[in-house]
Amino acid sequence: MRTHAAIAAVLTAGTLAALTALPAQGAEYSSALKVRGIQYDAPGKDSNKCSSGNTREEYLTVKNYSSTTTVNLRGYVVKDAAGNRFTFPANHYLQPGDYVRLRGGNGTESDAKNVVYRDNCNFMWNNDKDTIYLYKSSGARADVHSYTKSKDDRDGNGYITYH
């Protein structure tokens, strides 16, 4: 009997050690909002010209996974590994199950079209690898994902799905 208890204790301790050693992208955060997916490589040749470029085709999808809570994006922050950041400046409410696409380039924010523009024509996400950080308005981390083109984008279309 004592042998079984000792084995169970060792297995439990090993499981806890393995769970605490997970990398950041393996951690789950207590947040209704999570990164649903990313179009990190805009289709076509990259051009960050505001009038004719394709930065609008690069986007991050953030989804409200709550079944009951509406979340206001105002003050939420999206960052990449290099420290490029975007703070949602205005009220934008995500109903339960709803999503928003944060696009590069300029445009008009629209709840009806589920879109917010960064009002910046530079690309935010690297085409080879990057890390996506989503922070709550309180500063607490809501979600994080790292990607590499060769490992995570198996069909090569520049889009990766999470959650």
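Start by selecting Thr108. Is Thr108 buried or exposed? Thr108 is exposed, because its relative accessible area is 66%, above the 50% cut-off. You'll find Thr108 in the loop between β7 and β8 (115–117). Keep in mind as you click around that this is a predicted model.

Now show what Thr108 touches: leaving out residues up to four places away in sequence, you should get Val115 and Tyr117. Then try the distance tool on Asp119. Thr108 and Asp119 sit 11 residues apart in sequence and 9.1 Å apart in space, C-alpha to C-alpha.

Before going on, colour the chain by pLDDT. The mean for the protein chain is 86, with 82% of its residues at 70 or more. Residues 1–26 have a pLDDT below 50, and beyond near neighbours in sequence this stretch has 6 contacts in the model. Don't read much into how that stretch is drawn.

Next stop: strand β7, residues 99–103. Its partner here is β2, and the two pair in the antiparallel sense over 5 bridges. Click Thr61 and look across to β7, where its bridge partner is Arg101.

Stay on β2 (59–64) and turn on a surface. How many residues of β2 are buried? Buried residues make up 5 of the 6, so β2 is largely enclosed by the rest of the structure. β2 also pairs with β1, in the antiparallel sense, over 6 bridges. For one spot on that pairing, select Leu33, which stands opposite Asn64 in β2.

Follow the chain into the loop between β1 (33–39) and β2, and pick out Asn54. Asn54 counts as buried because its relative accessible area is 10%, under the 20% cut-off. Show its side chain as sticks and look for two backbone oxygens. The side chain reaches the backbone oxygen of Pro43 at 2.8 Å, and that of Lys45 at 3.3 Å. If you skip residues up to four places away in sequence, the residues Asn54 touches include Gly44, Asp46 and Phe123.

Time for an open sheet. Select β5, β4, β9 and β10: these 4 strands line up in the order β5-β4-β9-β10, and the pairing is antiparallel. Why is one side of β5 and of β10 left without a neighbour in the sheet? β5 (85–87) and β10 (141–148) stand at the edges, so each has a single partner strand. Look along the sheet and you can follow its twist, which averages 10 degrees from one strand to the next.

Zoom in on β9 (residues 129–135) and β10, which pair in the antiparallel sense over 7 bridges. Tyr135 is a handy landmark, since its bridge partner in β10 is Arg141. While you have side chains showing, here's a general tip: in a regular strand the side chains alternate between the two faces of the sheet.

Last stop: the aromatic rings. The model has 4 aromatic pairs. One of them is Phe86 with Phe88, an edge-to-face pair at 5.1 Å centre to centre, with 85 degrees between the planes. Phe86 is buried, at 9% relative accessibility, and Phe88 is buried too, at 2%. Now select Tyr133 and Tyr135. This pair is stacked, at 6.3 Å centre to centre, with 20 degrees between the planes. Both Tyr133 and Tyr135 are buried.

Terms used. Residues numbered from 1 in each chain as written. Predicted model: local features only at pLDDT ≥ 70, side-chain atom pairs only at ≥ 80, totals over all residues. Heavy atoms only, no water. pLDDT = per-residue confidence, 0-100. Contact = heavy atoms within 4.5 Å. Buried < 20%, exposed > 50% of the residue type's maximum accessible area, 1.4 Å probe, protein only. Polar contact = N/O pair within 3.5 Å; in protein donor to acceptor, adjacent residues only side chain to side chain. Phe/Tyr/Trp six-rings, centres within 6.5 Å; stacked < 30°, edge-to-face > 60°. Pairing = 2+ DSSP bridges. Axes fitted to C-alpha atoms, helices over the stretch in contact; angles between N-to-C directions.
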